[in-house]
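Colleague: Please take a close look at one part for me: the empty space. Keep it simple, as I am new to this.

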Amino acid sequence: MKSEIRIHPVFSLVVLVTAFVSMVAFAGCWYVRQGRLVHLAEKEANLRGDLEQLDTWGKWTIDYVKIDKVVDHLSKNRLSPESKRKLTEQIWQISRSYTLDPLLVLAVVAQESHGNPNARGRTRSGKHSGAMGLMQIKLETAKKMAYHFGLTVDTEEDLLKPEVNVAVGTAYLIRLIGKYGSWKEALIAYNLGHSAVDKMLQSGMPLPTRYYERVISKYWELARLSFL
């Protein structure tokens, strides 16, 4: 005997409506959940960015403190508090703008002038060599480099200002790094002149490394000092 099961149309409609509502509810929950996940991802990305920014600011702060400490050590009370502040800020800004280790700049200062802002270089005969100030820059070179920093250097008095001297001296050093692609050759050229270094390289002569080694030695001395 064959039985027949009949489903009432109303029941079928209820089932369909229930299924539809369930699907809508599921889709709504899924959409809300996805929205929350996207929001959480955005918050995580923002938090990561904030942490990276804080890390950068922390590094900048540490660099500023290092520079200030080393400038104070090298100047030996030969700079006024205002001059020390300007010099510290100048080196800090340059190191940020050019991703340059500020202690290497200060190591050159230590080697060239021992931190004396009024230092004047002399030749072996005792005559004034024309090199002046913290980084022992000649006026002719300073005038060429000053343009890149928006500075004006017209006289020796301009060049003897610590923050100006370091700005043009560092600009010259950066140009040499760009030319030779290494700190070693750049520092040797800073000491001997790029023309002399070019001739040595072209002729295959070994470059004298004494000046470079002295600067690097000064760098490690200053690095130890900055962490005390």
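Modeller: Here is a walk through the open space, the closed space and the core.

This is a predicted model, so local features need pLDDT of at least 70 and side-chain atom pairs pLDDT 80 or more, while totals for chains, interfaces and linings use all residues. Residues are numbered from 1 along each chain, and side-chain values use heavy atoms, without hydrogens or water.

Start with the largest pocket (an open set of 1 Å grid points with protein on both sides within 12 Å along at least five of seven lines). Its volume, the space filled by probe spheres on joined grid points, is about 660 Å³. The lining (residues with an atom within 4 Å of a point) has 23 residues. Closest to the centre are Lys 138, Tyr 172, Tyr 190, Asn 191 and Gly 193. Many elements take part (DSSP helices of at least four residues, strands of at least two). Those giving two or more lining residues are α3 (102-113), β2 (128-132), β3 (137-138), α4 (139-146), α6 (162-180), α7 (183-192) and α8 (194-203). By type, the pocket lining holds eight nonpolar, nine polar and six charged residues. Here Asp, Glu, Lys and Arg count as charged, and Gly as polar.

Now the closed space. A cavity is a set of points where a 1.4 Å probe fits but cannot get out. The whole structure has one of 30 Å³ or more. The largest cavity holds about 60 Å³. Around it sit Val 71, Leu 74, Ser 75, Leu 79, Leu 87, Leu 106, Val 109, Gly 115, Leu 134 and Val 166. Two elements, α1 and α3, each give two or more of these. The largest share, three residues, comes from α1. The cavity lining has eight nonpolar residues, two polar and no charged.

Two of those names lead into the core. Leu 106 and Val 166 line the cavity, and they are also among the residues with the most contacts in the largest nonpolar core. So is Tyr 190, which is one of the residues closest to the pocket centre. This core joins buried nonpolar residues through side-chain atoms within 4.5 Å; buried means under 20% relative accessible area. The core has 52 residues. Helix α6 gives the most, ten residues.

Val 108 also ranks with the most contacts there. Beyond four places in sequence, Val 108 touches (heavy atoms within 4.5 Å) Met 135, Leu 173, Leu 187, Tyr 190, Tyr 211 and Val 215.

How values were computed:
Buried means under 20% relative accessible area, exposed over 50%, partly exposed in between (1.4 Å probe, protein chains only).
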